[in-house]
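Me: Please take one close look at a single part of this model, the place where the ligands sit. Keep the wording plain, and explain each term when it comes up.

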Amino acid sequence: MKILGIETSCDETGVAVYSGTEGLLGHKVYSQIALHRPHGGVVPELASRDHIHRTLPLIDELLNELDIPRHALQGIAYTRGPGLVGALLVGATVARSLAYGLAIPCVGVHHMEGHLLAPMLERHAPAYPFVALLVSGGHTLLVKVTAFDDYQLLGESLDDACGEAFDKTAKLLGLPYPGGAALSALAQQGRPGRYHFTRPMIDRPDLNFSFSGLKTAAMLAIRAQPLDDQARADLAHAFQEAVIETLVVKCQRALRQTGLTTLVVAGGVSANTVLQKRLRDTLSYLSVQVFYPRHEFCGDNGAMIAYLGWLRLSQGHSDSLKIDVKARWPLADSTYRASP
Ligand code: KG4
Ligand code: ZN
């Protein structure tokens, strides 16, 4: 079964083909960074319009390279939500129309569930059950994953998402959009000791997060006095340390509470190499195995959508002809487990 996956939830057009027998056959991502950079962040209308231009040509480019004719596809999956509604509608409309034309099934899937399953594309994939930390530009979730389609939300951000806090702080430091990776690069030049930010919510027993206070603390420090290059790097370092320590503490707590010994970390922020190393180092003492997607699948991509689509379609789930996207969509509501 060859499944085409289409991701258009935000500022990346991602397409991929996943085969049930051969695994991932190929993928392509077109990033809109250059388009949005002059505006300092994603402009939703520009994002939708660009997806309209990119999606079909990108699919054709991928299928040509893989030498797979359209009629050899057996199903199509697209990101139904959460995300920017206009951007989602483009992917949904292309997917639904192509599937209708080819008379094959089509399924809309959850973007964060795609992130959650991205490490499954690796040869050394995690085994269920595990705890998943999902850290992206729009979400920060801790999830107990008992099996595919069996998810229990353990904690989430009560305000800004982790990636959002990175992006906003990066902007305050004068770094270009998207700021997360740029802030992390700047933090490498930073020295510890000059700044210290309180680790938010770690003294509370629950597994929720809050990053907006940390971002405000960084903003006050940035505005308190003119910063030279070294001070900016020191501040970036202190900010990143505060975020990472908070994530590490909450992951440890989630693993302890669930009694699980496998952690999956995914979503754009999981590309942060300091976070990756800190989690592996800290949790190795507890005999916890930590899994990440490969770098190119930490952020948004079509491969995770094609894989999730294959799982859904091979279980017999597909959608009606209705095009129905969801800007907001709790992960627990995406399950098919309880449906007849
Ligand atoms: O998953 P993703 O690509 O898109 C969403 O679903 O939101 O995540 C994007 C987020 C952005 O906030 C970006 O700044 C952040 O991931 N990010 C990073 C790094 N690379 C990307 N944050 C911290 N360190 C990084 N190296
Ligand atoms: Zn994402």
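Reply: **The ligand site**

Helix H5 gives the most residues to the shell around ligand 1, with three. Helices (H or I, at least four residues) and strands (E, at least two) are DSSP runs, numbered from the N terminus. This is a predicted model, in which local features need pLDDT of at least 70 and side-chain atom pairs count only at pLDDT 80 or more, while totals for chains, interfaces and linings use all residues. Residues are numbered from 1 along each chain as its sequence is written, chains are lettered from A and ligands numbered from 1 in the order in which they are written, and side-chain values use heavy atoms, with hydrogens and water left out.

There are 16 residues around ligand 1, and those that come nearest are His115, Gly137, Asp167, Gly180 and Gly268. A residue is near a molecule if one of its heavy atoms lies within 4 Å of it. By type, the shell holds three nonpolar, 11 polar and two charged residues. In this count, Ala, Val, Leu, Ile, Met, Phe, Trp, Tyr, Cys and Pro are nonpolar, Asp, Glu, Lys and Arg are charged, and the others, Gly among them, are polar.

Oxygen atoms of ligand 1 have polar partners in the protein. A polar side-chain atom of His111 lies 3.1 Å from one such oxygen. Backbone N or O atoms also take part: one of Gly138 lies 3.5 Å from an oxygen atom of ligand 1, and one of Val269 lies 3.4 Å from an oxygen atom of the ligand. Taken alone, ligand 1 exposes 550 Å², and the protein buries 84% of that. Accessible areas come from the Shrake-Rupley method with a 1.4 Å probe; for residues, only the protein chains shown count as cover. The elements that give two or more residues to the shell are helix H4 (111-117), helix H5 (162-172) and helix H6 (179-187).

The second ligand is a zinc ion, coordinated by His111 (NE2), His115 (NE2) and Asp300 (OD) at 2.0 to 2.1 Å. Donors are N, O and S atoms within 2.8 Å of the metal (3.2 Å for Na, K and Ca); water is not among the atoms, so sites may look incomplete. Along the chain, the zinc donors follow the spacing H-x3-H-x184-D. His111 lies in helix H4 and Asp300 in the loop between strand S10 (289-291) and helix H10 (303-314), so this pair ties together parts that are 189 residues apart in sequence.

His111 thus appears at both ligands, with an atom by ligand 1 and a donor for zinc. His111 is buried, with a relative accessible area of 6%, and Asp300 is buried too, at 16%. Buried means under 20% relative accessible area, exposed over 50%, and partly exposed in between (1.4 Å probe, protein chains only).

Polar contacts join the side chain of His111 to that of Glu7 at 2.9 Å and to that of Asp300 at 3.0 Å. A polar contact is a pair of N or O atoms within 3.5 Å; within protein, one must be able to donate a hydrogen and the other to accept it, and residues adjacent in sequence count only if both atoms are side-chain atoms. Leaving aside neighbours within four places in sequence, His111 is in contact (heavy atoms within 4.5 Å) with Glu7, Ser9, Thr79, Gly81, Pro82, Asp300 and Met304.
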